Amino acid sequence: MNVSAGKLWGLRRLADDQGIFKMVAVDQRPPIKDLVKAARGSSEADYDDVALVKRLLVEELADGASAMLLDPHFAYPKAIDVVSPRQGLLLTLEDSVFVETERGRLSSSIDDWSVEKIRRVGGDAVKVLAWYRPDADQAVREQQQEFVARIGDECRRYDIPFLFELLVYSFPGDDQHTTGYVEQPQKRSDHVLESVATFAAPEYGIDVFKLESPLPAADIPDPADDDTRTAATQSLFNEIDRLSPVPWVMLSAGASQGDFTNILTYAFRAGASGFLAGRAIWWEALKAFPDIAATKEALRTDSAPYLAGINALAEREALPFTKHRAFAPDGPSLADADASFRHSYGGID
């Protein structure tokens, strides 16, 4: 499949030399703000504290990542100088604040932030999370779909890869309702799968899916077992691969390290091309905050070795994005790669 110049270069920048995505997210805002508030015993998270946490994460973990996902509030302005120019750079576009209705959530972009600005500051890709449930009110679903489609159009215009994240969530009247960025223990696998099927349509312009497990992390059986539960679980991950017309990676949604490793094993066997994960890698280490020395030590002795371990797992079992069926049989190739390139390449309209 021919790929536009900017998107192809961006995808290559995000992956390692073998085409595996080993991406670390430090764009989280509410979870880190809440941790800082709890550690300080304050009602608001101090900007400098949150920025310091994000800088520590980049300093200690970037060397093990093929790409880093930063936010424009804290991580980019306060830690971009410790991201290697040899690494890929993703920037998040969605606001962490959303509108909660009785039957669905409405997403929006960060104010004064755009696909254009992400491209201008050197981003290799745009990452967007959209809350989505197939059983939300039709008006909510339509607004979320329009939100994603607009971003897809902008990413095409500025010729930058679009990494799209889906998360199932709870309605206000549901048991165990929360507005947090946590996995829903009561989530239904059909909601996860139907959401992928919806946004697989070409009008959304998605280049890589960032997806959650179709089952709650705690319910994932050991992939080393050979029984009906293991087979059923693998079939769900296989269905994700069947539904996704583009390469896909796994998110951790705050899963424990052991549970996330199990999830990755199923995902890689199904055809996932890596991961874009945060809290499973570094959350336990941050519990030492505000003791900076202890936090650094925990990142070095727990988080970095765990990242190295899932990197090795990905190298053994993940499917390089260049081998995804979207690019079969010969891998992605540059569109208009001939003497007409400078004439036919559109770039920014």
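## Pockets and cores in a predicted model

Let's start with what surrounds the largest pocket: its lining is made up of 14 nonpolar, three polar and three charged residues. Keep in mind that this is a predicted model. The space inside this pocket comes to about 330 Å³. Among its 20 lining residues, M1, G205, I206, D207 and V246 sit closest to the centre. Two elements, β1 (2-3) and α1 (5-14), each give at least two residues to that lining.

Here are the two pockets side by side:

| Pocket | Volume | Lining by class |
|---|---|---|
| Largest | about 330 Å³ | 14 nonpolar, three polar, three charged |
| Second largest | about 220 Å³ | three nonpolar, three polar, four charged |

So who lines the second largest pocket? The residues are W9, R12, R13, A15, D16, D17, Q18, G19, F321 and T322.

Now for the cores. The largest nonpolar core holds 86 residues, and the ones touching the most other members are L70, F209, F260, F275, I281 and W282. There's also a second, separate core of 19 residues, with L8, A15, M23 and F321 among them. A15 and F321 turn up in the lining of the second largest pocket, too.

F275 is worth another look, as it belongs to strand β11 (residues 274-277). In a regular strand, side chains alternate between the two faces of the sheet. Here both faces of β11 are covered: G274 and L276 are buried on one side, F275 and A277 on the other. Strand β2 (residues 21-25) pairs with β11 in the parallel sense, over four bridges. Across from F275 in β11 you'll find K22.

Definitions and conventions:
Residues are numbered from 1 along each chain as its sequence is written. This is a predicted model: local features need pLDDT of at least 70, side-chain atom pairs count only at pLDDT 80 or more; totals for chains, interfaces and linings use all residues. Side-chain values use heavy atoms; hydrogens and water are left out. On a 1 Å grid over the protein atoms alone, a cavity is a set of points where a 1.4 Å probe fits but cannot get out, and a pocket is an open set with protein on both sides within 12 Å along at least five of seven lines; lining residues have an atom within 4 Å of a point. Grid points are joined across faces, edges and corners, and a volume is the space filled by probe spheres set on the points. Ala, Val, Leu, Ile, Met, Phe, Trp, Tyr, Cys and Pro count as nonpolar, Asp, Glu, Lys and Arg as charged, and the others, Gly among them, as polar. A nonpolar core is a set of buried Ala, Val, Leu, Ile, Met, Phe, Trp, Tyr and Cys residues joined through side-chain atoms within 4.5 Å. Buried means under 20% relative accessible area, exposed over 50%, partly exposed in between (1.4 Å probe, protein chains only). Two strands pair if DSSP finds at least two bridges between them.
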